[in-house]
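User: I am new to reading protein structures. Can you walk me through one, feature by feature?

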Amino acid sequence: MNSSKDAMTVANLTQAITLLLRDEIGIVRVTGEISGFTTAASGHRYFTLKDESAQIDCVMWASRTLSFRPKSGMQVVIQGRLTVYAPRGKYQIDCDRMTAAGQGDLYLAFAALKEALAEQGYFDPDRKRGIPAFPLKIGVVTSPTGAVIQDILSTLNRRSPHCEIYLCPATVQGENAPEEIASAIKALQNTDADVLIVGRGGGSIEDLWAFNTLPVAEAIYNSQIPIISAVGHETDFTIADFVADLRAATPTAAAELVSQYDRDTLWQQIITWENLLNRSAQLAIQNYDQRLNTITNSYALQNFSDRLHDRAQQLDEAEREMQKSLVRHLHQSKTKLDGITAHLRSLHPLSPLQRGFALLRSGDRILSNDDSLTEFDKVEIVRRAEIAHVKIEKVIDKVYDRTE
């Protein structure tokens, strides 16, 4: 068994592997899709190059120039040397050059969905709604664990502790994430939330992919409540950002947007409104008081007693005139009624008896001029106060009524 004196140190082994990779493999040209591209404060770029079945870490120092801005999802060809990052014992490609070689599948899918939804009006500025200035109830769709929900809650609790939070948890990464996010948005439609925040923290394009799917885009598009999209970092753009009514650079920024008026600002606003209301009420009272004084001092109200007496006198005069008119009409009506009564009485069959005439009656029948009399007929002569029973002795024609 070899002693420890014969064993290599980790540093020596790493150096040997580095020499082996550099000398045996040398410069490589590799094509693949960029994932997790980041630029450090120093300007050095770090990313992963991958294809369907493998991936490899890459680094491109700030001193190496680029003719384009790489981003996750792009298909590129890189050229460089294989090296070993000794502190972590992992190999990587030290890139000298990078050229665009088309765009990755995820980026193409993103571009295709974005174009389709744009044609359907999902991104139209006209359908964007304003975010309420003073929301009191805020719905949040994100993972119930992790820093994002804590950042949102701490920001809202600090700036707007009066707001009520409706947290509808959802998986924000993975195969089930799109449906869970869409379901959470739909569930919050049954609440009285004033605005919704839908988001998650930063990550690679694969990590954020749920927010580039049709179910999430449709749920945001069909939401009756304004939605703020807060996905990833400031440089990350997703389909959800384009569909939402407002995009926030980060989840914390979204919480700050809905609480842009903190408790002190709201209190000052309430005081301002109170002062405006008081001034408005005082002005209204002054106006009504002025109108009341004008009415009180008016000639009509000042001489109200005299005007009342005048009206009373006019009323008495009207009453007297009405009584006279009534008496006059009654008298005229009585005169007319008497005339009609006299006329009706003159038309009564017995009326001529009052003037000395008499009528002839045979039994119950009154004899008319057309009835002829014959000798020995028994008739009754009816006068005003007596009835005479007589027998006809002789009937002769009246000479003075003859027509010959």
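Analyst: Start with strand pairing: two strands count as paired if DSSP finds at least two bridges between them. Keep in mind that this model is predicted.

User: In E12, which residue is the bridge partner of Ser-362?

Analyst: Ser-362 has Arg-365 as its bridge partner in E12. Strand E11 (residues 359-362) and strand E12 (residues 365-366) are joined by 2 bridges and run antiparallel. The hairpin of E11 and E12 has 2 residues between the strands. In that hairpin, Gly-363 takes a positive phi near 65°.

User: How many bridges pair E11 with E13, and in which sense?

Analyst: Here is the general idea. Strands of a sheet pair through backbone hydrogen bonds, either parallel or antiparallel. Strand E11 and strand E13 (residues 378-382) pair over 3 bridges, in the antiparallel sense. Within E13, Glu-380 is the bridge partner of Arg-361.

User: Where is Phe-376 found?

Analyst: Phe-376 sits in the loop between E12 and E13. Its phi is positive, about 70°, although Phe-376 is not a glycine.

User: Is Phe-376 buried or exposed?

Analyst: Use a cut-off here: over 50% relative accessible area is exposed, under 20% is buried. Phe-376 has 59% relative accessibility, so it counts as exposed.

User: Now the open sheet. What is the order of its strands?

Analyst: The order is E7-E6-E8-E9-E10, with parallel pairing across 5 strands. The edge strands are E7 and strand E10 (246-247), each pairing on one side only.

User: How many bridges join E6 to E8?

Analyst: E6 and E8 run parallel and are joined by 4 bridges. One pair of bridge partners is Val-141 and Val-198, the latter in E8. Helix H3 packs on this sheet and touches E6, E7 and E8. The direction of H3 makes about 165° with that of E6.

User: How do I read a helix like that? Which residues of H3 are buried?

Analyst: First, the general idea. An α-helix has 3.6 residues a turn, so residues three or four places apart point the same way. Helix H3 (residues 147-159) has 13 residues. From first C-alpha to last it reaches 18 Å, close to the 18 Å expected at 1.5 Å a residue. The buried residues of H3 are Val-148, Ile-149, Ile-152, Thr-155, Leu-156 and Arg-159. Seen down the axis of H3, these fall within an arc of 135°, so they line one face of the helix. On the other side of H3, Ala-147 and Arg-158 are exposed.

User: What covers the buried residues of H3?

Analyst: The cover includes strand E6 (137-142), strand E7 (164-169) and strand E8 (195-200). It also includes helix H7 (251-258) and helix H8 (263-296).

User: Which residues are buried in H7?

Analyst: Pro-251, Ala-254, Ala-255 and Val-258 are buried in H7. They cover an arc of only 100° around the axis, which puts them on the same side of H7. E6, H3, E8 and strand E9 (227-231) are among the elements that cover them.

User: Step back to the whole protein. How many helices and strands does the secondary structure come to?

Analyst: The protein has 10 helices and 14 strands. Buried residues make up 30% of its 404 residues.

User: What radius of gyration does the protein have?

Analyst: The protein has 58 Å, while a compact globule of 404 residues would have a value near 22 Å. Along its principal axes, the C-alpha trace spans about 195 × 70 × 45 Å.

How values were computed. Residues are numbered from 1 along each chain as its sequence is written. This is a predicted model: local features need pLDDT of at least 70, side-chain atom pairs count only at pLDDT 80 or more; totals for chains, interfaces and linings use all residues. Side-chain values use heavy atoms; hydrogens and water are left out. The expected span of a helix is 1.5 Å times one less than its number of residues. Buried means under 20% relative accessible area, exposed over 50%, partly exposed in between (1.4 Å probe, protein chains only). The arc is that of the directions from the helix axis to the C-beta atoms. Contact means heavy atoms within 4.5 Å. Axes are lines fitted to C-alpha atoms, for helices over the stretch in contact, and angles run from 0 to 180 degrees between N-to-C directions. The radius of gyration is taken over C-alpha atoms; the globule rule is 2.2 Å times the number of residues to the power 0.38.
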